[in-house]
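Grab the model and work through a few short exercises. Try each one yourself before you read its solution.

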Amino acid sequence: MLADIIDVLADPIDGTALSRGDAGWASLRSESGHCYDVARQGYVTLAGGAGLRYTGDDAKMIAAREEFLSGGHYAPFVEAVTGNVQDALDDAGVHDDAEPVICEVGAGTGYYLAHTLDGVAGARGVGIDVSVPAAKHLAKCHPRVGAVVADAWARMPLRDGSIDAITVVFAPRNAEEFARVLKPGGQVVVLTADTGHLSELRAPLGIIDVERGKVERMIDQAKGHLTPVGDPELVEFGMSLDQDAIAAQIGMSPSARHIHPEVLAERIAALPPRMEVTARAYVTRLGRAG
Ligand SMILES: C[S@@+](CC[C@H](N)C(=O)[O-])C[C@H]1O[C@@H](n2cnc3c(N)ncnc32)[C@H](O)[C@@H]1O
């Protein structure tokens, strides 16, 4: 709920503190007097004067994501993210009773954030996504999550030095903003798909592979703001997927936008009824530079 995380939220326009509106939790008001309505589904949109430049994943993609993730196919990924957040909090000497704040950026349905909060008793979660359909899921994904619609490329609606850990799973990273909002010992945990991810599906479905050197480029782009803590950790495993699971996997990815739905359906129908598919990504931890 937003009440759990109000102490870290900030006005996206001027960074002043947000608190409950005059008429209760139906709106949030900043110290400078800006007012933001809370949707009846429980999320709040925190965007500056120009509004949001992106809409993010649409309702169909979010439904496909929900379907695919609920099959448990990505369990090793979610375990790796939660384990790395626990390690990051241990590194910083943060105890559960400190009610640390974990923020997931581009949080989608909240599958990863909810799992991480289950693994850190007492932690509170900020789920940020630019997609309204995602925020509707985020608002109900865990009792200790507050859902915020915001653009990761803009000034994030979070106070300076307020966040214990940030997670980013296959989503945009804004290193400068992450460094601003992290507490001094805080860390970012990033899961980045690597070349070979879903390799068995690439040729038959006509989807492009993940480009080489993605992790190195991410580390390079963060220079001056964030520095890696240790080496990136490879997480690779096989998934046994039937055609419905494959359709959901493709439906939640950008490929869904690039291939005509009928063509995609035909290509999926031509696959074997069940396939062994590789999942492959790196988990990288980064702390504030300097
Ligand atoms: C590939 S999905 C990953 C979702 C989630 N992390 C997961 O793995 O289940 C990328 C997510 O980032 C969101 N997104 C894209 N651009 C964004 C932006 N500029 N700011 C915030 N979220 C963004 C999308 O709406 C989508 O939910």
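**Exercise 1.** Find which of the residues around the ligand come nearest, then sort the shell by class.

*Solution.* Keep in mind that this is a predicted model. Start with the shell itself: 21 residues sit around the ligand, and Gly 106, Asp 129, Asp 151, Ala 152 and Val 169 come nearest. Next, sort the shell by class, and you get 12 nonpolar, four polar and five charged residues.

**Exercise 2.** Work out which backbone atoms pair up with polar atoms of the ligand, and how much of the ligand's accessible area the protein covers.

*Solution.* Take the ligand's oxygen atoms to begin with: one of them lies 2.9 Å from a backbone N or O atom of Asp 57. Then look at nitrogen. A polar backbone atom of Gly 106 is 2.8 Å from a ligand nitrogen, and for Val 130 the distance from a polar backbone atom to a ligand nitrogen is 3.3 Å. Now for the cover: on its own the ligand has 590 Å² of accessible area, and the protein covers 90% of that.

**Exercise 3.** UniProt lists His 34 for "binding site" in an unreviewed entry; place this residue in the fold, decide whether it is buried, partly exposed or exposed, and find its polar partner.

*Solution.* First, the location: His 34 is in the loop that links β2 (24–30) to β3 (35–37). Second, the exposure: the relative accessible area of His 34 is 29%. Buried would need under 20% and exposed over 50%, so His 34 counts as partly exposed. Third, the neighbours: leaving out residues up to four places away in sequence, His 34 touches Asp 11, Ile 13, Asp 14, Leu 28 and Arg 29. Finally, the partner: the side chains of His 34 and Asp 11 make a polar contact at 2.7 Å.

**Exercise 4.** Describe how helix α9 (residues 243–251) is packed and what happens at its start.

*Solution.* List the buried positions first: Ala 245, Ile 246, Ala 248, Gln 249, Ile 250 and Gly 251. Then ask what covers them; among the elements doing so are α2 (59–70), α7 (199–205), β11 (233–242), α10 (255–258), α11 (261–269) and β12 (274–288). Last, check the start of α9, where a side-chain oxygen of Asp 242 comes within 3.2 Å of the backbone nitrogen of Asp 244.

**Exercise 5.** Give the secondary-structure content of the stretch that UniProt annotates as "domain: Methyltransferase".

*Solution.* According to the unreviewed entry, this annotation covers residues 102–186. Over that stretch the chain is 27% helix and 32% strand, with its end C-alpha atoms 10 Å apart.

How values were computed:
Residues numbered from 1 in each chain as written. Predicted model: local features only at pLDDT ≥ 70, side-chain atom pairs only at ≥ 80, totals over all residues. Heavy atoms only, no water. UniProt positions renumbered as here; feature names shortened; annotations may be inferred. Helix = DSSP H or I, 4+ residues; strand = E, 2+ residues; numbered from the N terminus. Buried < 20%, exposed > 50% of the residue type's maximum accessible area, 1.4 Å probe, protein only. Contact = heavy atoms within 4.5 Å. Polar contact = N/O pair within 3.5 Å; in protein donor to acceptor, adjacent residues only side chain to side chain. Near = heavy atom within 4 Å. Areas by Shrake-Rupley, 256 points an atom, 1.4 Å probe, with all protein chains shown as cover. Nonpolar A, V, L, I, M, F, W, Y, C, P; charged D, E, K, R; others polar.
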